[in-house]
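I opened this entry with a short list of things to look up. Burial comes before the pairs and patches.

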Amino acid sequence: MDSIDSVLDAAGVRTRIPVIGRVRAGSADEQALRETWETGRGLIGWLGSVDHKEIGKRYLVTAFLSIGLVLTIVFGLVFMGIQGHEWATRPFHFSSSPYSSLYFVITGF
């Protein structure tokens with residue numbers, strides 16, 4: 001299969017244009033195209049795919065994972081702030097109240 005063809009335009013200038021068409025079934029060119037452009041199996045095949053739909057799915061997965069990571073960090077910082085505020089405003093001791101005993105048993109702090 002010749003992928004580039006040349007033609008003469010109206011001014012007599014030779015112009016190269018790509019040949020667009022079908023490849024004969026079972027030919028070596030068809031096999032080479034399939035090996036190049038088909039999505040492979042498994043995670044490695046999905047990550048190496050050049051199909052625009054698969055690339056879009058990878059973007060969506062990355063976006064959701066990134067949003068989840070950011071939310072996890074934000075909520076962790078908020079809860080640490082709440083816990084720090086509780087520790088600063090109340091005198092917790094292991095035996096001072098049932099709440100502090102339970103809090104120590106659950107969190108270890």
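**Entry 1: Glu30.** I started with Glu30 and asked whether this residue is buried or exposed. Its relative accessibility is 18%, so Glu30 counts as buried. The cut-off I used is under 20% relative accessible area. I then placed Glu30 in helix α1, which covers residues 28-37. Next I listed its contacts, leaving aside neighbours within four places in sequence. Glu30 is in contact with Val23, Arg24 and Ala25.

**Entry 2: the model as a whole.** I noted that this is a predicted model. I looked up the confidence next. The mean pLDDT of the protein chain is 79. I also see that 76% of its residues reach 70 or more. Which element has the lowest mean pLDDT, and which the highest? Strand β1, residues 4-8, has the lowest at 60, and α3 has the highest at 91. I keep a caution here: where pLDDT is low, the predicted coordinates should not be read in detail.

**Entry 3: layout.** I counted four helices and two strands in the protein chain. Read from the N terminus, the order is β-β-α-α-α-α. I checked burial over the chain: of its 109 residues, 8% are buried. I checked contacts between residues at least 6 apart in sequence, and 3% of them join residues at least 24 apart. I looked up the exposed area as well. The protein chain exposes about 9,400 Å², and carbon and sulfur atoms supply 67% of that area.

**Entry 4: salt bridges.** I searched for charged pairs. Side chains of opposite charge can pair when their charged atoms come close. How many salt bridges does the structure hold? I found two.

One joins the side chains of Lys53 and Asp51, at 3.5 Å from N to O. Asp51 has a relative accessible area of 23%, so I log Asp51 as partly exposed.

Glu54 forms a salt bridge with Lys57, and here the closest N and O atoms are 3.7 Å apart. Both Glu54 and Lys57 lie in helix α3. They are three residues apart, about one turn of the helix. I compared the two partners. Glu54 counts as buried because its relative accessibility is 15%. Lys57 is at 43%, so Lys57 counts as partly exposed.

**Entry 5: around Glu54.** I stayed with Glu54 and asked which residues Glu54 touches, not counting those up to four places away in sequence. The list is Thr39, Trp46 and Ser49.

**Entry 6: aromatic rings.** I looked for ring pairs. A pair of aromatic rings is described by the distance of the centres and the angle of the planes. The structure holds one aromatic pair. The partners are Phe75 and Phe79, with ring centres 6.4 Å apart and planes at 25 degrees, so the pair is stacked. The cut-off behind that label is planes under 30 degrees apart.

I placed both rings in helix α3, residues 52-89. Phe75 and Phe79 are four residues apart, about one turn of the helix. Are these two rings buried or exposed? Phe75 is at 47% relative accessibility, so Phe75 counts as partly exposed. Phe79 is at 54%, so Phe79 counts as exposed.

**Entry 7: nonpolar patch.** I then asked which residues make the nonpolar surface patch. They are Leu60, Phe64, Ile67, Val70, Leu71, Val74, Phe75, Val78, Phe79 and Ile82. The patch area is about 980 Å². Both rings of the stacked pair belong to residues named in this patch.

I picked Ile67 from the patch for a closer look. Ile67 is found in helix α3. Its relative accessible area is 49%, so I log Ile67 as partly exposed.

**Entry 8: recap.** I close on helix α3. I placed the Glu54 and Lys57 salt bridge there, and also the Phe75 and Phe79 pair. Helix α3 is also the element with the highest mean pLDDT, 91.

Key:
Residues are numbered from 1 along each chain as its sequence is written. This is a predicted model: local features need pLDDT of at least 70, side-chain atom pairs count only at pLDDT 80 or more; totals for chains, interfaces and linings use all residues. Side-chain values use heavy atoms; hydrogens and water are left out. Rings of Phe, Tyr and Trp (its six-membered ring) pair if their centres lie within 6.5 Å; planes under 30 degrees apart count as stacked, over 60 as edge-to-face and the rest as tilted. Buried means under 20% relative accessible area, exposed over 50%, partly exposed in between (1.4 Å probe, protein chains only). Patches are made of residues with over 30% relative accessible area and no salt bridge: like charges are joined within 9 Å, nonpolar side chains (Val, Leu, Ile, Met, Phe, Trp, Tyr) within 5 Å. Accessible areas come from the Shrake-Rupley method with a 1.4 Å probe; for residues, only the protein chains shown count as cover. A salt bridge is a side-chain nitrogen of Lys or Arg within 4 Å of a carboxyl oxygen of Asp or Glu. Contact means heavy atoms within 4.5 Å. pLDDT is the predictor's confidence in each residue, from 0 to 100.
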